[in-house]
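Colleague: I'm new to this one. Could you show it to me and explain the terms as we go?

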Amino acid sequence: MREIIVPAGIRLRRARDGDLAGVAALSRRILRSSNSLCGLSSGDNRAPLQGQLRRDPQEEGLAIFVAENREGRLVGKGALDSEGWLKGLYVSPAAQGTGIGSALLARIRALAKERGRGKIRANASVTSARFYARMGYLRKGGRLVGRTRPKIPTVLFEKDLSAWGS
Ligand SMILES: CC(C)(COP(=O)(O)OP(=O)(O)OC[C@H]1O[C@@H](n2cnc3c(N)ncnc32)[C@H](O)[C@@H]1OP(=O)(O)O)[C@@H](O)C(=O)NCCC(=O)NCCS
């Protein structure tokens, strides 16, 4: 398996029940900095997240990873669902650009490969589209998603995991 490079002082681990407040705080920091384009809204955020964290990831096939700094603060989050979709990858504004997003993405990619997935798909916010392109994901078109009105413009990205070295 390809080595995952994690920035110094950062630990990647599976999310647990006690992370709810930390992930909600992280989502609020993202929301404040990158507006509604990111697909989060203060109102609809907490309940689905609670559901995600409370489900048994093994049973449901949903795996949530978090990045924690030396102080125990959550600075990043991302998940892989049972269908091979990447869900809610985001990094705290103050920690962006330091390699946490790519480390989380690499961890999620490794899990998708362990699960025998041929590809990963992601509905990326337009603000993070260049990141996915940089990570070797191929743009497959645009989509409008979400429960808000107007719906949120996203870009569908895919990565083939069957190719050698992917
Ligand atoms: C997009 C995001 C997940 C990337 O995580 P990150 O930790 O900042 O990214 P990394 O530091 O691992 O960067 C990896 C590479 O992608 C590039 N990159 C990261 N974010 C980028 C962006 N928004 N635009 C262009 N390039 C970007 C970096 O420059 C780096 O390139 P390099 O290897 O040439 O140096 C993170 O910046 C984020 O959450 N941004 C908020 C944007 C948003 O709206 N997110 C959706 C919330 S639902």
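Modeller: Sure, let's start with the order of the elements. From the N terminus on, the protein chain runs β-α-α-α-β-β-β-α-β-α-β-β. This is a predicted model, where local features need pLDDT of at least 70, side-chain atom pairs count only at pLDDT 80 or more, and totals for chains, interfaces and linings use all residues. Residues are numbered from 1 along each chain as its sequence is written.

Colleague: What makes something a helix or a strand here, and how many of each does the protein chain have?

Modeller: Both are DSSP runs, numbered from the N terminus: H or I over at least four residues for a helix, E over at least two for a strand. By that rule the protein chain has five helices and seven strands.

Colleague: What is the mean pLDDT of the protein chain?

Modeller: pLDDT is the predictor's confidence in each residue, from 0 to 100. The mean for the protein chain is 84, and 79% of its residues reach 70 or more. Over residues 40-45, though, the pLDDT is below 50.

Colleague: Why is isoleucine 5 called exposed?

Modeller: Count C-beta atoms, placed from the backbone, within 10 Å of the residue's own: 20 or more others make it buried, 12 or fewer exposed, and anything in between partly exposed. Isoleucine 5 has 9 others within 10 Å, so it is exposed. You'll find isoleucine 5 in the segment before β1.

Colleague: Which residues is isoleucine 5 in contact with?

Modeller: A contact needs the two C-beta atoms, again placed from the backbone, to lie within 7 Å. Leaving aside neighbours within four places in sequence, isoleucine 5 is in contact with Gly99 and Ala103.

Colleague: How do you know that β1 and β2 pair?

Modeller: Two strands pair if DSSP finds at least two bridges between them. Strand β1 (residues 11-14) and β2 are joined by four bridges, so they pair, and they run antiparallel. One bridge partnership is leucine 12 with alanine 67 in β2.

Colleague: And which way do β2 and β3 pair, parallel or antiparallel?

Modeller: Antiparallel: β2 and strand β3 (residues 74-80) share six bridges. Here glutamate 68 has leucine 74 in β3 as its bridge partner. Their hairpin has five residues between the strands, and glycine 72 takes a positive phi near 85° there.

Colleague: What makes β2 mostly covered?

Modeller: In strand β2 (residues 63-68), five of the six residues are buried.

Colleague: What makes a set of residues a nonpolar core?

Modeller: The members must be buried Ala, Val, Leu, Ile, Met, Phe, Trp, Tyr or Cys, joined through C-beta atoms within 7 Å. The largest such core has 32 residues, and Phe65 and Leu104 touch the most other members. The largest share of this core, six residues, comes from α4. In soluble globular proteins, nonpolar side chains tend to be buried together.

Colleague: What does phenylalanine 65 touch?

Modeller: Not counting residues up to four places away in sequence, the residues that phenylalanine 65 touches include Leu12, Ala79, Leu104 and Ile108.

Colleague: How do you know that the length of α4 agrees with its expected span?

Modeller: The expected span of a helix is 1.5 Å times one less than its number of residues. For the 15 residues of α4 that gives 21 Å, and its end C-alpha atoms are 21 Å apart, so the two agree. The buried residues of α4, among them Ala103, Leu104 and Ile108, pack against β1, β2, β3, β4, β5 and α5 (129-134).
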